Amino acid sequence: MNAKKAKKEKAKKEKGDGLIRFTINGQSVQAREGWTVLETARQYGIHIPTLCFHPAVHPIGSCRLCVVETRQNNLTRVVASCITPVSEGVEVLTDSEEVQNVRRWVLEMLLANCPASLQIRELAQECGVTSTHFTVEHPEDACPRCGLCVRACDEVVGVRAISLGNRGVFKEVTAPYHQRSTDCIRCGTCLYVCPTGAMEQLFPQVSSE
Ligand code: SF4
Ligand code: FES
């Protein structure tokens with residue numbers, strides 16, 4: 001078989017294996033159809049900070065902490081890696097200047113909105129963010145309304161004992177009458193998945209059981 005034919009055969013074979021090839025920080029990686037950028041990065045041990053993501057529930061891309069830069073067809077975008085599907089040939093950068101700027105901005109917002117969360121302060125510190133330019137309005141708040149607890153209760157436990165009520169700045173994790181729902185089976189899944197420690201503050205009666 002001549003070289004040209006061999007190359008063609010190789011490309012054909014590669015195309016047919018169902019894998020998607022692209023790069024993360026210049027490293028060649030492969031992913032399966034339907035994987036996200038975050039999933040692929042984790043497979044290769046490439047760290048991307050996250051807050052509202054948990055592998056057991058569907059991602060919704062609410063916190064934007066997991067941003068990465070993608071470059072393809074002369075188009076550069078900054079996207080949430082937990083909800084961005086991989087595509088053939090895309091260049092992904094997890095720590096570019098653009099990414100660092102957006103991540104810093106997200107962390108400063110989180111520090112201002114959730115000043116009572118030790119976990120968020122630690123997360124910010126890991127990324128070199130120790131203060132915020134935004135105004136702290138509720139010093140006792142630790143919940144960024146990421147909805148992870150609500151999704152876990154629904155998707156993992158199948159109960160829906162809690163929900164995200166209200167809209168905009170009034171959005172909150174709530175249960176009927178601010179009491180533990182009678183549907184709650186006290187499994188503690190919401191406490192377990194909560195990335196900020198807020199669930200213990202919101203429903204202390206559950207965490208103390
Ligand atoms: S209580 Fe925890 S898991 Fe639930 S929305 Fe707030 S931070 Fe997210
Ligand atoms: S972890 Fe991706 S948007 Fe929150």
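# A tour from the whole chain to the ligand 1 site

The protein chain has eight helices and seven strands. The model is a predicted one. Start with the whole chain in view: of its 209 residues, 39% are buried. Taking contacts between residues at least 6 apart in sequence, 51% join residues at least 24 apart.

**Stop 1: the loop at Asn74**

Select strand S3 (67-72) and strand S4 (75-80), then the loop between them, where Asn74 has its place. What is the sign of phi at Asn74? Phi is positive here, near 60 degrees, in a residue other than glycine. Show the surface next: Asn74 is exposed, since its relative accessible area of 86% is over the 50% cut-off.

**Stop 2: Glu97 and Glu69**

Move to helix H3, residues 97-113, and pick Glu97 in that helix. Glu97 counts as exposed because its relative accessible area is 63%, where the cut-off is over 50%. Now add Glu69 to the selection and draw a line between the two C-alpha atoms. Glu97 and Glu69 are 28 residues apart in sequence, and the C-alpha to C-alpha separation in space is 9.4 Å.

**Stop 3: the largest pocket**

Select Met109, Asn113, Cys143, Pro144 and Arg145 together. The pocket around them is the largest, with a volume of about 710 Å³. Its lining has 23 residues, and the five just selected are the closest to its centre. Coloured by class, that lining has 13 nonpolar, five polar and five charged residues.

Keep Arg145 selected and look at the backbone. Arg145 lies in the loop between helix H4 (118-126) and helix H5. Its phi is positive, about 60 degrees, although Arg145 is not a glycine. Is Arg145 buried, partly exposed or exposed? Arg145 is partly exposed, because its relative accessible area of 23% falls between the 20% and 50% cut-offs.

**Stop 4: the second largest pocket**

Leave Arg145 and Cys143 on and add His138, Glu140, Asp141, Ala142, Glu172, Val173, Ala198, Gln201 and Leu202; these residues line the second largest pocket. The space in this pocket is about 180 Å³. Which elements give two or more residues to the lining of the second largest pocket? They are S7 and H7. H7 has the largest share, three residues. By class, the lining of the second largest pocket divides into five nonpolar, two polar and four charged residues.

**Stop 5: helix H5**

Select helix H5 (148-157) and show its side chains. The buried residues of H5 are Leu148, Cys149, Val150, Arg151, Ala152 and Cys153. To see what lies over them, add strand S6 (163-165), strand S7 (172-174), helix H6 (189-193) and H7, which are among the elements that cover these buried residues. Then step just past the end of H5 to Gly158, where phi is positive at about 75 degrees.

**Stop 6: the second largest cavity**

Turn from the pockets to enclosed space. How many cavities of 30 Å³ or more does a search of the whole structure find? The search finds two. Go to the second largest cavity, which holds about 80 Å³ of space. Of the 14 residues that line this cavity, select Cys143, Cys146, Cys149, Cys194 and Ala198, the closest to its centre. H5 and H7 each supply at least two residues of the lining, and H7 gives the largest share, three residues. The cavity lining has 11 nonpolar, two polar and one charged residues.

**Stop 7: ligand 1**

Finally, turn on ligand 1. Where does ligand 1 sit? Ligand 1 sits in the second largest cavity. There are 14 residues around ligand 1, and those that come nearest are Cys143, Cys146, Gly147, Cys149 and Cys194. Highlight helix H5 and helix H7 (198-202): each supplies at least two residues of the shell around ligand 1. The largest share of this shell, three residues, comes from H7. By class, the shell around ligand 1 has 11 nonpolar residues, two polar and one charged.

With the ligand still displayed, select Cys143 alone and look back over the stops. Cys143 is one of the residues that come nearest to ligand 1. Cys143 is also among the residues closest to the centre of the largest pocket, and the lining of the second largest pocket includes Cys143 as well.

Key
Residues are numbered from 1 along each chain as its sequence is written. Chains are lettered from A and ligands numbered from 1 in the order in which they are written. This is a predicted model: local features need pLDDT of at least 70, side-chain atom pairs count only at pLDDT 80 or more; totals for chains, interfaces and linings use all residues. Side-chain values use heavy atoms; hydrogens and water are left out. A residue is near a molecule or strand if one of its heavy atoms lies within 4 Å of it. On a 1 Å grid over the protein atoms alone, a cavity is a set of points where a 1.4 Å probe fits but cannot get out, and a pocket is an open set with protein on both sides within 12 Å along at least five of seven lines; lining residues have an atom within 4 Å of a point. A molecule sits in a cavity or pocket if more than half of its atoms lie within 2 Å of its grid points. Helices (H or I, at least four residues) and strands (E, at least two) are DSSP runs, numbered from the N terminus. Ala, Val, Leu, Ile, Met, Phe, Trp, Tyr, Cys and Pro count as nonpolar, Asp, Glu, Lys and Arg as charged, and the others, Gly among them, as polar. Grid points are joined across faces, edges and corners, and a volume is the space filled by probe spheres set on the points. Buried means under 20% relative accessible area, exposed over 50%, partly exposed in between (1.4 Å probe, protein chains only). Contact means heavy atoms within 4.5 Å.
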